[in-house]
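Thank you all for coming. I would like to walk through one small model with you this morning, strand by strand, and I will start with a question once it is on the screen.

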Amino acid sequence: MQNIEKVGIPKDVWVTCPHCEELYYIDRLFYEPNFNDIKLFCPFCHKKFAKEDSPKTWGV
Ligand SMILES: [Zn+2]
C-alpha cells in the first residue's frame, strides 16, 4: 500500500480500479464537469470504468 500523503501531488486524484483494485493516480482534469462521460482506463488490468465506480478516491 502506498503512502498517499507523501506521494500525492495536489493536481492529481488517486483512484482505485473496481476490477483489479490497484491504486493509481489520474490528472485532476478528469474530474472537471466536461469529463463526466469519460471512462477511466486502468493501467494495470487495462479495463475501463466510470469515476463513480472507483471503490476509493482521494484528492477530489
Ligand atoms: Zn484494474
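Which residue in β2 is the bridge partner of Val15? It is Tyr24, and I will build outwards from that pair. Before that, a word of care: this is a predicted model, in which local features need pLDDT of at least 70 and side-chain atom pairs count only at pLDDT 80 or more, while totals for chains, interfaces and linings use all residues. Residues are numbered from 1 along each chain as its sequence is written.

First, the overall layout. The protein chain has one helix and five strands, where helices (H or I, at least four residues) and strands (E, at least two) are DSSP runs numbered from the N terminus. Along the sequence these elements follow the pattern α-β-β-β-β-β.

Now to the sheet. Three strands form an open sheet in the order β2-β1-β5, with antiparallel pairing. Because β2 (23-27) and β5 (57-58) stand at the edges with a single partner strand each, one side of each is left without a neighbour in the sheet. By pairing I mean that DSSP finds at least two bridges between two strands. Strand β1, residues 12-16, is joined to β2 by five bridges in the antiparallel sense, and besides the pair I opened with, Asp12 has Asp27 in β2 as its bridge partner. On the other pairing, β1 and β5 run antiparallel and are joined by two bridges, with Trp14 standing opposite Trp58 in β5.

What do the side chains of β1 do? In a regular strand the side chains alternate between the two faces of the sheet. Along β1, Val13 and Val15 point to one face and are buried, whereas Asp12, Trp14 and Thr16 point to the other and are not. Here a residue is buried if 20 or more other C-beta atoms lie within 10 Å of its own, exposed if 12 or fewer, and partly exposed in between, with C-beta atoms placed from the backbone. By that count, 10% of the 60 residues of the protein chain are buried.

The two valines also belong to the largest nonpolar core, which has five residues: Val13, Val15, Cys17, Leu40 and Cys42. Such a core is a set of buried Ala, Val, Leu, Ile, Met, Phe, Trp, Tyr and Cys residues joined through C-beta atoms within 7 Å. Leaving aside neighbours within four places in sequence, Val15 is in contact with Tyr24, Ile26, Leu40, Ser54 and Thr57, a contact being two residues whose C-beta atoms, placed from the backbone, lie within 7 Å. For the protein chain, 47% of the contacts with a separation of 6 or more are between residues 24 or more positions apart.

Let me finish with the loops. Glu21 lies between β1 and β2, in a hairpin with six residues between the strands, and takes a positive phi near 65 degrees. Glu21 counts as exposed because there are 12 C-beta neighbours inside 10 Å. His46, in the loop between β3 (40-41) and β4, likewise has a positive phi near 65 degrees in a residue other than glycine, and is exposed, with 10 other C-beta atoms within 10 Å.

Lastly, Asp53 is in the loop between β4 (48-49) and β5 and is partly exposed, with 14 other C-beta atoms within 10 Å. Although Asp53 and His19 are 34 residues apart along the chain, their C-alpha atoms are separated by 9.6 Å.
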